[in-house]
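Here are my comments on the model you sent. Please read them with the structure open.

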Amino acid sequence: MDVTADVVSSVLEVAGIRTPLLSAGDPAATEAVVFVHGNPGSSRDWEDLVQAVGPYARALAWDAPGFGQADKPADFDYSVGGYAAFIDSALSALGVSRVHLVLHDFGGPWGLGWAMQHPDRFASVVLVNTGVLLDYNWHTMAKIWRTPGLGELFMATTIRPVWRLVMKAGNPRGLPPEFVDRMYDDFDTPTRKAVLKLYRASPPAALETLSAEMRALDRPALVVWGAKDPYIPVAQAELQRRSFPSAEVHVLEDSGHWPFVDNPGRTRELVVPFLRRVLGAG
């Protein structure tokens, strides 16, 4: 039987922003597993894994500014650098000095951007359909979001039935309806504006700049990738070895962009033992 921990829901206030926080494990520990969601997403994406990691380590997940139920100020720096700075402020507020990152989607650039700036505090990383993307071109939806006018039109016309169709594409195992609807409920007007700002501040080439720094650090890394991801090709899974030479790479052949949602059991079987090893917890 899997060992799990109680997950505590609270509110984190940092850098003038209030955001939901999920936590498990010892709240006084200065070493923690930090889960960073992507777009669209929230801390609730990670609830299952926070619960599974809690018996072995302090586990933390929050909603990034502009997403989920976090504050969504118009003047926040919706760029990779802005999110990396927010991560640092959150870690300082929570008293975390040694970090094991678990990253998904745009959480990859955000988290790795922080890691590059704080290599002495960066201990290991789990990359779930994300990482240092090499020779990558934006997917169709991202190209639309990056185009002024067209992106605004797309956001204005994305109603719930359209959202459900978009989420169905590239997810052969299917996503739970409640997960899809929760994402849509969070995808309000301020979040849509945040997404446009984020993608327009993020040229694809900028996602490659971390490779040399990560390769030099060679931190323990686990790559978990849904092969049917319609946004980031599965070829990027093996390419992570260029930036993380010691990486373990696992491809889930029938999963899509959210393997921790469409195949939570298998994802947990890969992620929890890896984290226990790097934490020295067995």
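The points below cover the cavities first, then strand 4 and its partners.

1. A caution on the source. This is a predicted model. Every comment below should be read in that light.

2. Cavity count. Searching the whole structure turns up two cavities of 30 Å³ or more. The largest holds about 270 Å³ of space. The second largest has about 60 Å³.

3. Lining of the largest cavity. About 270 Å³ of space is enclosed here, and 24 residues line it. N39, D105, H139, W145 and Y199 are the closest to its centre. Two elements give two or more residues to this lining: helix 4 (140-145) and helix 6 (160-168). Helix 6 gives the most, with three residues.

4. Character of that lining. Sorted by class, the largest cavity has 18 nonpolar lining residues, five polar ones and one charged one. When you inspect the site, start from the five residues closest to the centre, D105 and H139 among them.

5. Lining of the second largest cavity. The residues here are F35, V36, H37, W62, A64, Y83, F86, I87 and W110. Strand 3 (31-36) and helix 2 (80-94) are the elements that give two or more residues to it. Helix 2 has the largest share, three residues. By class, eight lining residues are nonpolar, one is polar and none is charged.

6. Burial of strand 4. Why call this strand largely enclosed? Five of the five residues of strand 4 (residues 58-62) are buried, so the rest of the structure largely encloses it. R58, L60 and W62 point one way, while A59 and A61 point the other way. All of them are buried, R58 included. W62 also appears in the lining of the second largest cavity.

7. Pairing of strand 4. What are the partners, and in which sense do they run? Strand 2 (residues 17-24) is antiparallel to strand 4, and four bridges join them. Within that pairing, L22 has A61 as its bridge partner. Strand 3 pairs with strand 4 in the parallel sense, over four bridges. A32 stands opposite R58 of strand 4.

8. The connection. Strand 3 and strand 4 belong to a β-α-β unit, with helix 1 (residues 47-53) as its helix. The unit is right-handed. Strand 3 also gives two or more residues to the lining of the second largest cavity. I would show the unit and that cavity in one figure panel.

Technical notes. Residues are numbered from 1 along each chain as its sequence is written. This is a predicted model: local features need pLDDT of at least 70, side-chain atom pairs count only at pLDDT 80 or more; totals for chains, interfaces and linings use all residues. Side-chain values use heavy atoms; hydrogens and water are left out. On a 1 Å grid over the protein atoms alone, a cavity is a set of points where a 1.4 Å probe fits but cannot get out, and a pocket is an open set with protein on both sides within 12 Å along at least five of seven lines; lining residues have an atom within 4 Å of a point. Grid points are joined across faces, edges and corners, and a volume is the space filled by probe spheres set on the points. Ala, Val, Leu, Ile, Met, Phe, Trp, Tyr, Cys and Pro count as nonpolar, Asp, Glu, Lys and Arg as charged, and the others, Gly among them, as polar. Buried means under 20% relative accessible area, exposed over 50%, partly exposed in between (1.4 Å probe, protein chains only). Two strands pair if DSSP finds at least two bridges between them. A crossover is right-handed if, with the strands pointing away from the viewer, the path from the first strand over the helix to the second runs clockwise.
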